Amino acid sequence: MRALDRKLLRDLRRLWAQSLAIALVLGCGVMVLVLATATERSLTLTRDTYYDRARFAEVFATATRAPRSLLPEIARIPGVAQVEARVAMDVVLDMPGLARPAQARVLSLPEDGAPVLNRPTLRQGRMPTPGSTDDVAISENFGLANGLHPGDSFSAILNGQKRQLRVTGLMLSPEFIYLIGPGMLMPDDRHYGIIWMNEAPAAAAAGLTGAFDDVSLRLTRGASEPAVIAALDRLLAPYGGTGAHGRDRQVSDMFLRSEMDGLNAMALILPPIFLIVSAFLVNMVLSRLIGLERPIVGLLKAMGYSGREIAWHYLKLSIGIGVLGVLIGWIAGWWLGAGLTRLYTEFYRFPYLIYAPGSTSFAISGLMGMATVVLGALRAVRASARLHPAVAMSPPAPPLFRRGLLDRVAQMLRLRQTTMMILRSITRWPRRAAVTSLGVAAAISVLVACFFTFDSIAAVIDEAFTRTNRQNVTLQLTHDAPTSVIEAAAHLPGVMRVEGAYSLPVRLIHGPQSELTSVEARGADDMLTRVLDASGGAAPLPPEGIVLPESLAAKLDVRAGDSLRMALLVPPRETLEIRVSALMRQSLGETAHLSAPALFRLMRVAPQVNRLNLLVDTPALPALYAAVKDAPAIEGAQFWADIRQKFDETLNRNLTTSVTVYAILGILITVGVIYNAARIQLSERSYELASLRVLGFTRAEVGYVLVGELMLLTLLAIPPGLLGGYAFSALVAQGFTTDIVRIPLVISRRTYALAALIAVAAALAAALMVRRRLDRVSLATALKKRD
Amino acid sequence: MTGKVVFRAEEVTKTYQTGAAPVRALRGVSLELYEGELVVLLGASGSGKSTLLNILGALDSPTSGRVTFREHELTGMDDDALTAFRRDHVGFVFQFYNLVPSLTARENVALVTEIARNPMRPEEALDRVGLGARLDHFPAELSGGEQQRVAIARAIAKRPEVLLCDEPTGALDSQTGVTVLEALYEVNRDLGTVTALITHNAAIRQMAHRVIRVADGRIVAIEENPAPLPPTGIVW
Ligand SMILES: Nc1ncnc2c1ncn2[C@@H]1O[C@H](COP(=O)(O)OP(=O)(O)OP(=O)(O)O)[C@@H](O)[C@H]1O
Ligand SMILES: [Mg+2]
């Protein structure tokens, strides 16, 4: 090995702790990049493969009752490749061992074999026997969660009749990779599932013999989806079509996509901070090293080494750090990526999982990691190449201290000389002080943005569960009903208050923008469900006009006071002109709101309800559950306390892990910055500090000079760190906001405090680690050393 | 002297512009160094000795004037050519030994032999300065004199035609200084390396073929020494 390379290895070994600290920060950036892109790629690949093999449809529509004779016409729509029609309905189940009623969506299977589109995959057992009326296949997780296996039976209310159904198989479907019941926030495998049954019994139960109410299409290559949707809507309109949509509105696909968007956002937002900080650290350490080795640089030049060779020598050192960091990041990213992908299978049901991190994410992250260290090194290395040999070998001029404003202030404050040393050192090397401080600020920002996710979730929960939905049960009715059912419902067990609501699908149109959504009509004096104004306070529903969630208004490009057109997708199927009376804050979903009298006036029908919100006395809930299980008019029910509990459970399960991971990210940056700054301080000022000891200062007093300066820089980092954290959180909120959930930008004081506290504690620990070395410095050697 | 001219400096000046007022370190120096000779440069502090030596060794370039090494004009060469010149022809020894602390004696010498055209083995070079037994010691484990001898070994290992030494004994006591000078003397005698040696110690002039006196950026005198003494015969 060449002598110069040997020097390099020894330098690396001598600087191992500092190099490792930088490599870990760099590794974090690389790790997040690999983790996010590898997981995203694996999920995308798995999803696309699955969609393709299972022939997942591209356009979906429902109707109330469309004749099968319409199917050839649908197939003739230009761009349609395949059509699959079926019967679909929501039912309430009475599961053995479940107090609270479960719900399911019943889907019909063609009599002549497996569906051509959205083909389910059998996981256990077999498909229902053709011609059988009681055979059903159920979604795998529903079966597993309820202990239902092929051969078992359970009962369901199908169109008012309680029926005994026999399970023949457990299945997965591309339509329900993420299976979430209507109105739920989290998958609940025990209480929501899919039931596939033969077409004849399904159609009979739904009163749809010879007809269908659900249709899926696969398009030819290059077909225009909007054109097909429009044509399909025209065909289905007479039969109660409620608006066809593409995969963009398919619930399972939406959730999957939002997950991938989140991963992409993570890959974009988080790594740059780590990379930038490591670049600065490389610069800091290398500048110091080269400064220390000025005479050696001069000597090498005198010997005939060229500037390029010397630059390359120092560049190799930073490359060594880069290689280490990239390797750490790759390994951690690979490993965590596999874990995260596996974790996704807990929420996303694929029949198989392709973990294919792909070489691209490794190549890109590796390149970025190496570019980072090289860029960080460049300034220092270029200076080394330019050093003039004769100048390099003359000892550097002693640092120039100037008396300035600071000194006068300090004198007035009668600061001690050790404190003066701290202040002078900061003003003498402002660049280094700034890098140190900004590095810690970056760590605080990362911490704020990480802990902010908890705040935003808490805000969403607070909004969903305590501000807008104060009922504890919501019942969905199978059919629209007159308002007299509100009276009837009041007699259900334990019910203290009932409010009716009516929800209907609409298409909102403003200029070229058009959005499919639903409108919910409620009484003006409803107290259980409420809408929030833009600042988050409960607001009364205006007597006229439609209230839109801010996100939907943005998509439609309307403001309060503007008019838009609302196409009713249920009878009378008219398109109405309506004014936007207000915008509201809504994190979950994009439902629009309208006062009931205004809606029914517009629709020219008598007031009706299809949903009941109940406030129920908790002890009476079991009795209510039993009533709901047997009530044929109820197609579904949401029990808000259970939803909330499920939500909290899922969050809390990963809470400790998430908090730890987030804290580690912040701690790594802080330690990386402070440890390096402290080591540099120590090497630069060991002479000075040893002199203090010789003069009779105690270890603690000398340590104060070192630790005090770093802690001062850390404290100075808090305000910009918190500010950066706010900006960074805004980015995160934006990056993670999807059609499903809008992330509110609320940061709690606890988050700010925690972020600052962790950074200060980590900085103190790192500084004290280096201070211990100060004790070990022998005074004799320190005083002899020239650097 | 009868040998061929190795270095020729003609009307070399050097002005430093760094401070408030320009410093004229050399004010027109003309000088020739001949094959095989050992010259000693004497002069007061700040007189320009180091500046002159650095310019001869292409560590620095003159403000005006010409420097030639054999037939090659150094002035006007680009940085790459100057680097190559230093690499192939010149060895330096400095007052502060300038060893790389993380490399052993042998490795410090290898630093040079690895890039030289026709080097000795590092062991041979260290043997020559009497350090054959300390090959694997790090600089911190060597005394000042030993460190300086490693630096000399490093300078001669490439078999340079020229050895430029700036106060090589400046940081050493007289006894240690003698062993270092001994090494330089032998290299000059055995290998015929042109050696230029800056010193503040007038006694050392006794080992030189010629003594050049510098004052105020000019050469004020050149004395020939018909009978150079080996360093052991010098007392100071
Ligand atoms: N890089 C520089 N910038 C400005 N002035 C310089 C520089 N190097 C040398 N000088 C000045 O040039 C003059 C000659 O310096 P030089 O180092 O050649 O003296 P010297 O004879 O070697 O002195 P000494 O015996 O003290 O080493 C001095 O006045 C010195 O201050
Ligand atoms: Mg000098």
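**Exercise 1. Which residue in β10(A) is the bridge partner of Val59(A)?**

Solution. The model is a predicted one.

Step 1. Locate the two strands: β1 of chain A covers residues 59-67, and β10 of chain A covers residues 211-219.

Step 2. Establish the pairing sense: β1(A) and β10(A) run antiparallel to each other over six bridges.

Step 3. Read off the partner: Val59(A) is bridged to Leu217(A) in β10(A).

**Exercise 2. Determine the order of the sheet in chain A and identify the helix that packs on the sheet.**

Solution.

Step 1. The sheet is open and has four strands, ordered β2-β10-β1-β11 in chain A, and the pairing is antiparallel.

Step 2. Its edges are formed by β2 (80-86) and β11 (245-246) of chain A, each of which pairs on one side only.

Step 3. The packing helix is α6 of chain A, residues 225-236, which touches β1, β2, β10 and β11 of that chain. The direction of α6(A) makes about 10° with that of β1(A).

**Exercise 3. Describe the sheet of chain B in the order β2-β1-β4-β5, including its edges and its packing helix.**

Solution.

Step 1. In chain B, four strands in the order β2-β1-β4-β5 make an open sheet with antiparallel pairing.

Step 2. The edge positions belong to β2 (23-34) and β5 (72-73) of chain B, since each pairs on one side only.

Step 3. Strand β4(B), residues 64-69, pairs with β5(B) in the antiparallel sense over two bridges. Within this pair, Phe69(B) is placed opposite His72(B) of β5(B).

Step 4. Helix α1 of chain B (residues 49-56) packs on the sheet, with contacts to β1 (5-16), β2 and β4 of chain B. Its direction is at about 55° to that of β2(B).

**Exercise 4. Characterise the surroundings of ligand 1 by residues, polar contacts and covered area.**

Solution.

Step 1. The shell holds 14 residues, and the closest are Ser45(B), Gly46(B), Lys49(B), Ser50(B) and Thr51(B).

Step 2. Sort the shell by residue class: four are nonpolar, eight polar and two charged.

Step 3. Assign elements: β2 and α1 of chain B each contribute at least two residues, and α1(B) gives the largest share, with three.

Step 4. List polar contacts to oxygen atoms of ligand 1. A polar backbone atom of Gly46(B) lies at 2.8 Å. For His200(B), a polar side-chain atom is at 2.8 Å. An N or O atom in the side chain of Glu167(B) is at 3.4 Å.

Step 5. Evaluate burial: ligand 1 on its own has 630 Å² of accessible area, of which the protein covers 66%.

Technical notes:
Residues numbered from 1 in each chain as written. Chains lettered and ligands numbered in written order. Predicted model: local features only at pLDDT ≥ 70, side-chain atom pairs only at ≥ 80, totals over all residues. Heavy atoms only, no water. Pairing = 2+ DSSP bridges. Contact = heavy atoms within 4.5 Å. Axes fitted to C-alpha atoms, helices over the stretch in contact; angles between N-to-C directions. Near = heavy atom within 4 Å. Polar contact = N/O pair within 3.5 Å; in protein donor to acceptor, adjacent residues only side chain to side chain. Areas by Shrake-Rupley, 256 points an atom, 1.4 Å probe, with all protein chains shown as cover. Nonpolar A, V, L, I, M, F, W, Y, C, P; charged D, E, K, R; others polar.
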